[in-house]
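Got your viewer open and a selection box ready? Here is a short walk through this model, one stop at a time.

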Amino acid sequence: MTASGISNPQKHLTFLGLSRNPFPLAPDNTDFYISQHNDMVIETLTQGILSRKGFMLLTGEIGLGKTTLSRRVIQLLDEQHIETALILQSFYQEENLLRAINNDFGIPIPENEDNFSGLMTSLNNFLLEKNQNGINCAIIIDDAQNLSIKSLELIRMISSLEADREKLVQILLVGQPELMNKLNSYDLRQLKSRVTINQKPLALKKTEIGKYIQFKLNMAGDRGKIIFKKNTLQKLYQLTEGNLRKINIFMDKALGYAAMDNSFVIKAKYIKKANKELSFDFPEYKDSRLTPGLVFFLLLLIVIGIGAGITVYFYTFERHNAITANTTPQAILDEQTSSKIIQQEKITSTLSKEATPLMPQMRSITSPNQLNPQLTINHQENQAIKDFLFAYGLHSFSKQFHQALNHKDFTNISAVILKQTGYQLIIMSFLPNLAREKFDILSSSNDNGPKKRYYLFWKPKITIKKFYIDYQGKEIHTLQENMRDNYFYNSAVNGIVGQKIIKRVKDIQRLYNLPITGFPDPETIFLLMNKDKE
């Protein structure tokens with residue numbers, strides 16, 4: 001992508017084939033990646049509010065996705081018809097905080113009651129009326145670490161509102177660890193004693209970063225063009241330690257660097273460059289003047305070094321003369337020749353060892369990381385791959401497929417085959433019996449254990465490109481029907497993505513030991529539609 005004088009912040013996204021920035025710095029409530037831990041946090045907080053647990057906390061370091069998690073909780077509460085008040089501006093304090101809560105609930109405030117006592121009475125009457133109608137209410141306050149001691153005491157007063165031994169309102173405070181420091185103070189011991197649930201979001205694990213990035217790219221429109229090197233993910237984890245905000249910042253920069261290089265490959269050097277650009281560390285100033293003591297020490301080292309050099313020179317000179325006097329020219333030549341022969345034998349031995357592949361069995365091949373693209377391909381291995389592809393009429397892709405096996409990267413070849421033929425490549429470590437009966441399969445051994453990887457092609461009935469809360473489409477309707485027919489889904493078949501279908505997708509992924517993302521990727525859909533009949 002060549003540079004131009006016109007500023008266009010979306011230019012690099014267009015080059016990369018993305019419809020929007022996959023790594024926004026603001027909380028992303030649409031394309032929400034559900035890690036296993038985050039899923040547990042959301043479930044715990046949502047159930048806590050639904051079961052009227054009263055006072056709850058969500059605390060964690062900056063950049064771990066607390067705000068996004070709380071928005072997801074609100075979406076789930078809305079589905080359950082829970083009345084919610086969301087306070088984002090934590091500079092509201094005391095009476096102004098109470099006024100903001102009432103405003104977000106939509107409580108009308110008469111002019112003569114626009115004071116603390118009147119605001120509290122109006123809130124209590126509103127909550128009582130909702131409770132009588134069987135409606136639960138919740139208050140969620142973000143950046144709660146900024147609340148004053150008096151404002152937190154107000155929260156305690158609100159959390160005390162009850163009717164028939166049931167909490168009228170559930171309160172969730174979202175904040176940084178400083179919030180816990182305040183709650184641990186003597187003045188707030190009563191509020192702390194009311195905490196029933198305290199959840200902490202965690203950074204992504206090393207094994208989750210690749211899944212997170214792939215999910216975000218997929219939701220932004222990537223169809224396999226953008227490629228990641230393994231060392232890129234390693235460097236990203238090393239520099240971010242799984243912090244979501246840092247990952248988004250680094251990835252946003254890296255995508256821009258890749259586009260500037262006219263490249264679809266996200267390299268480790270882009271992550272390093274982003275880190276260097278964003279680093280605000282300055283080298284400490286050091287006095288470069290030499291003290292008299294340091295000068296004396298350096299002169300002493302120089303004298304010792306000169307003396308050692310002279311000694312080594314005379315020792316080497318005498319030894320060389322002694323060897324030359326007792327060795328014939330032919331003996332020296334023989335010794336040099338012998339040394340070269342030994343080195344050549346070592347090289348030959350190493351190449352022979354690397355070039356010996358495991359013997360294939362039927363349409364089985366050695367593990368891809370045992371194959372070396374620089375070495376001669378074993379005839380039987382090559383034949384197994386050709387037979388496998390021939391069964392699908394894809395024999396013309398034999399060379400590219402073998403290269404993909406060698407490099408363990410099927411991104412490009414999979415996209416090309418899908419576009420040209422409609423066949424989608426499926427790669428799994430588990431295969432149902434029904435799939436074994438219906439599809440031609442290629443398997444490869446795993447170096448680290450008895451597990452195998454299975455490769456097959458099929459023409460999917462549906463392809464899911466977008467999958468987020470409230471997204472609506474015909475493909476979602478088809479997915480719901482298939483999940484219902486296979487007893488994974490018993491809710492409304494309406495073509496709309498909701499939390500229930502996301503949970504059911506995760507159930508399928510757990511059942512088949514797939515990455516639990518909540519997104520119906522090709523492997524998930526394949527296993528759903530080729531489930532063994534009971």
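Start with everything in cartoon: the chain holds 21 helices and 13 strands. Keep in mind that this is a predicted model. Colour by burial and you'll find that 42% of the 534 residues are buried. Switch to a surface and the accessible area comes to about 30,300 Å², with 53% of that belonging to carbon and sulfur atoms. If you like contact maps, look off the diagonal: among contacts between residues at least 6 apart in sequence, 68% join residues at least 24 apart.

**Stop 1: the cores**

Select Met-251, Phe-401, Phe-467 and Phe-526, which have the most contacts inside the largest nonpolar core, a set of 97 residues. Now add helix 11, the element that gives the most to this core, with eight residues. Apart from that core lies another, of 35 residues, and Met-120, Leu-147, Leu-173 and Leu-183 are among them.

Go back to Phe-401 and show what surrounds its ring. Leaving out residues up to four places away in sequence, Phe-401 touches Phe-388, Phe-410 and Phe-457, along with Tyr-455. The aliphatic partners of Phe-401 on that list are Ile-385, Leu-389, Ile-413, Leu-425 and Leu-442.

**Stop 2: helix 17**

Ile-413 is a handy link to the next selection, residues 411-421, which form helix 17. Which residues are buried here? Ile-413, Ser-414 and Ile-417 are. Look down the axis of helix 17 and its buried residues fall within an arc of 100°, so they line one face of the helix. The geometry behind this is the usual one: an α-helix has 3.6 residues a turn, so residues three or four places apart point the same way. Step just past the end of helix 17 to Gly-422, where phi is positive, at about 85°.

**Stop 3: Leu-57**

Select strand 1, residues 55-59, and pick out Leu-57. Is Leu-57 buried or exposed? With a relative accessible area of 1%, Leu-57 is buried, because the cut-off for that is under 20%. Now show its contacts beyond four places in sequence: they include Leu-45, Leu-172, Leu-173, Leu-179, Met-180 and Leu-183. Val-195, Ile-197, Asn-198 and Gln-199 are in contact with Leu-57 as well. Put a distance label on the C-alpha atoms of Leu-57 and Val-195: they are separated by 7.3 Å, although the two residues sit 138 apart along the chain.

**Stop 4: a buried lysine**

Next, jump to helix 20 (residues 499-511) and select Lys-506. Lys-506 is buried, at a relative accessible area of 2%. What does its side chain join up with? It makes a polar contact of 2.4 Å with the side chain of Asp-39. Beyond four places in sequence, Lys-506 is also in contact with Ile-34, Ile-516 and Gly-518.

**Stop 5: two glutamates with positive phi**

Finish with a backbone check. Select Glu-94, which has a positive phi of about 50° despite not being a glycine. Glu-94 belongs to helix 4, residues 94-105, and is partly exposed at 35% relative accessible area.

Then try Glu-241, another non-glycine with a positive phi, this one about 55°. Where does Glu-241 lie? Look in the loop between helix 10 (230-240) and helix 11 (244-260). Glu-241 is exposed, with a relative accessible area of 58%.

Key
Residues numbered from 1 in each chain as written. Predicted model: local features only at pLDDT ≥ 70, side-chain atom pairs only at ≥ 80, totals over all residues. Heavy atoms only, no water. Helix = DSSP H or I, 4+ residues; strand = E, 2+ residues; numbered from the N terminus. Buried < 20%, exposed > 50% of the residue type's maximum accessible area, 1.4 Å probe, protein only. Contact = heavy atoms within 4.5 Å. Arc of directions from axis to C-beta. Core = buried A, V, L, I, M, F, W, Y, C linked by side-chain atoms within 4.5 Å. Polar contact = N/O pair within 3.5 Å; in protein donor to acceptor, adjacent residues only side chain to side chain. Areas by Shrake-Rupley, 256 points an atom, 1.4 Å probe, with all protein chains shown as cover.
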